[in-house]
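Work through the exercises below with the structure open. Try each task before you read its solution.

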Amino acid sequence: MSRARDVILIIATVVGAAACERTDPAPTSSQLTVGRAARAWVDESRPAWSGSGPRPLSVQLWYPTIQSAMEEDWVVGPSSAPLFRAGHSAENAPLPATPPKYPLVLLSHGTGGSAVMLAWLGESLARAGYIVAAVNHHGNTSAESVASPEGFMLWWERPLDLSKVLDHLLADPMLGGVIDANRVGAAGFSLGGYSVVAVAGARVSLAQWQQFCAEVPRDGTCGPQPEFPEAFAQFEKVRMRPTVQASLARHGDSYEDARVRAVYAIAPVGSWITPASLARIAVPIRVVVGDQDRTAPAATNARRISELVPGARLSLLPGVGHYTFLAECLPAGTSAWPTLCREQAGVDRAAVHREVSADAVAFFDRTLGIR
């Protein structure tokens, strides 16, 4: 196993998260108390990449809970030397006795990441009155113990995860009755940014991507990612498997889900998305990216998407890099994983998270007709 893979397994696995006594101020009267819970579903229509059963759908939830619920700090790593901050929430807390119908936001992590590394966004949305469901994308998440080349190379399977999770949520005994199915949004980071734009109607062209990468080899989206450097080579070994060939055959299909009414894309990858499909997107799209992003540079990804989607809006954040949108680093994390924690001079990751979270809440409030 590569050192890069070890990094991601350590920082992103939900199992490694720990709770401790909260030290942050209690929420103000205008904020809601946040509960969190996990769900483990399956998609019976698709197999797991191992062939051992149906495709797993592991989900992290944030939601408004009763005011008296006890929130605790949530961190990634051992409690004695935590690596990353994942906010504070009340694990497995109940819903209010007479809950309203809550809007829902589906959340999609970046390649090789996991739901917990976007807890800053999920929790902020829940404090504002949303239910948030973040999926760990099978084969492409460090919430699983084994990486899969299929999961890293067959990206268009990810938007299907979001739709299947939505199906399960609406049927969930606890949450189904309190979700407003007419007010559903989606937000994602990096490859998750592509995933949520895909549920709005974006389509993939592998031929377009290959041509793009031949002409612009310096774009970070064209080569193996540090989360799984061996992905390209290992994919060639499994390319002829029936499950892989079936997925490749449908790579250009539409994965639009009409139930998703608004999309918030953070540092999205978009060099393989066809211009015609972007031009046909009719739901509101908001795109946010850092001007120091070297993994998914704005010019060929976020800016391209925002310029081709009618009415889409782009914000370029000065000094912000790609990993700024991961969870806030604690001292042990900064010491152990400087590449993931290092920022440009003057950039405060926590402040960027607050700014982007507030912007996302305002965007969904406006586009979903909340306030």
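**Exercise 1. Find what share of the residues is buried, and decide whether the overall size fits a compact globule.**

Solution. This is a predicted model. Start with burial. Of the protein's 371 residues, 58% count as buried. Next, take the size. A compact globule with 371 residues would have a radius of gyration near 21 Å. The protein has 19 Å, which agrees. Then take the spans. Along the principal axes, the C-alpha trace covers about 55 × 45 × 45 Å. Now turn to the surface. The accessible surface is about 14,700 Å². Carbon and sulfur atoms account for 55% of that area.

**Exercise 2. Count the helices and strands, then ask how far apart in sequence the contacting residues lie.**

Solution. Count the elements. There are 13 helices and 12 strands in the protein. Now take the contacts between residues at least 6 apart in sequence. Of these, 80% join residues at least 24 apart.

**Exercise 3. Locate the disulfides and give the handedness of each.**

Solution. Search the whole structure. Two disulfides turn up.

- Step 1. Cys213 is joined to Cys222, with an S to S distance of 2.2 Å. That passes the cut-off, because a disulfide requires sulfur atoms within 2.5 Å. The angle about the S-S bond is -85°, and the link is left-handed. Cys213 and Cys222 are both buried.
- Step 2. Cys329 pairs with Cys341, again as a disulfide, with the sulfur atoms 2.2 Å apart. The torsion about this S-S bond is about -95°, so the link of Cys329 and Cys341 is left-handed.
- Step 3. Place the second pair. Cys329 lies in strand 12 (residues 328-329) and Cys341 in helix 12 (residues 338-341), so the disulfide ties together parts 12 residues apart in sequence.
- Step 4. Check burial. Buried means under 20% relative accessible area. Cys329 is at 17%, so Cys329 counts as buried. Cys341 has 9% and is buried too.
- Step 5. Write the pattern. With the bonded cysteines numbered in sequence order, the pairing is 1-2, 3-4.

**Exercise 4. Classify the ring pair of Phe363 and Phe364, and name the members of the aromatic cluster that holds Trp155.**

Solution. Rings pair if their centres lie within 6.5 Å. By this rule the count comes to 13 aromatic pairs. One of them is Phe363 with Phe364, at 5.2 Å centre to centre and 65° between the planes. Planes over 60 degrees apart count as edge-to-face, and the Phe363 and Phe364 pair is of that kind. Now check burial. Phe363 is buried at 3% relative accessible area. Phe364 is buried at 0%. Then find the cluster. Trp155 shares one aromatic cluster with Trp156, Tyr194, Trp209, Phe232 and Trp272.

**Exercise 5. Describe where Thr111 sits and what Thr111 touches, then do the ring check on Arg36.**

Solution. Place Thr111. The residue is in the loop between strand 6 (102-108) and helix 2 (119-127). Judge exposure. Thr111 has 13% relative accessibility, so Thr111 counts as buried. List the contacts. Leaving out residues up to four places away in sequence, Thr111 touches Asn140, Phe152, Arg158, Leu191, Gln225 and Glu227. Go on to Arg36. Thr111 and Arg36 are 75 residues apart in sequence, and 23 Å apart in space, C-alpha to C-alpha. The charged end of Arg36 sits over the ring of Trp74, 4.2 Å from the ring centre.

Note on methods:
Residues are numbered from 1 along each chain as its sequence is written. This is a predicted model: local features need pLDDT of at least 70, side-chain atom pairs count only at pLDDT 80 or more; totals for chains, interfaces and linings use all residues. Side-chain values use heavy atoms; hydrogens and water are left out. Rings of Phe, Tyr and Trp (its six-membered ring) pair if their centres lie within 6.5 Å; planes under 30 degrees apart count as stacked, over 60 as edge-to-face and the rest as tilted. Buried means under 20% relative accessible area, exposed over 50%, partly exposed in between (1.4 Å probe, protein chains only). A charge sits over a ring if NZ of Lys or CZ of Arg is within 6 Å of the ring centre and within 35 degrees of the ring normal. Helices (H or I, at least four residues) and strands (E, at least two) are DSSP runs, numbered from the N terminus. The radius of gyration is taken over C-alpha atoms; the globule rule is 2.2 Å times the number of residues to the power 0.38. Contact means heavy atoms within 4.5 Å. Accessible areas come from the Shrake-Rupley method with a 1.4 Å probe; for residues, only the protein chains shown count as cover.
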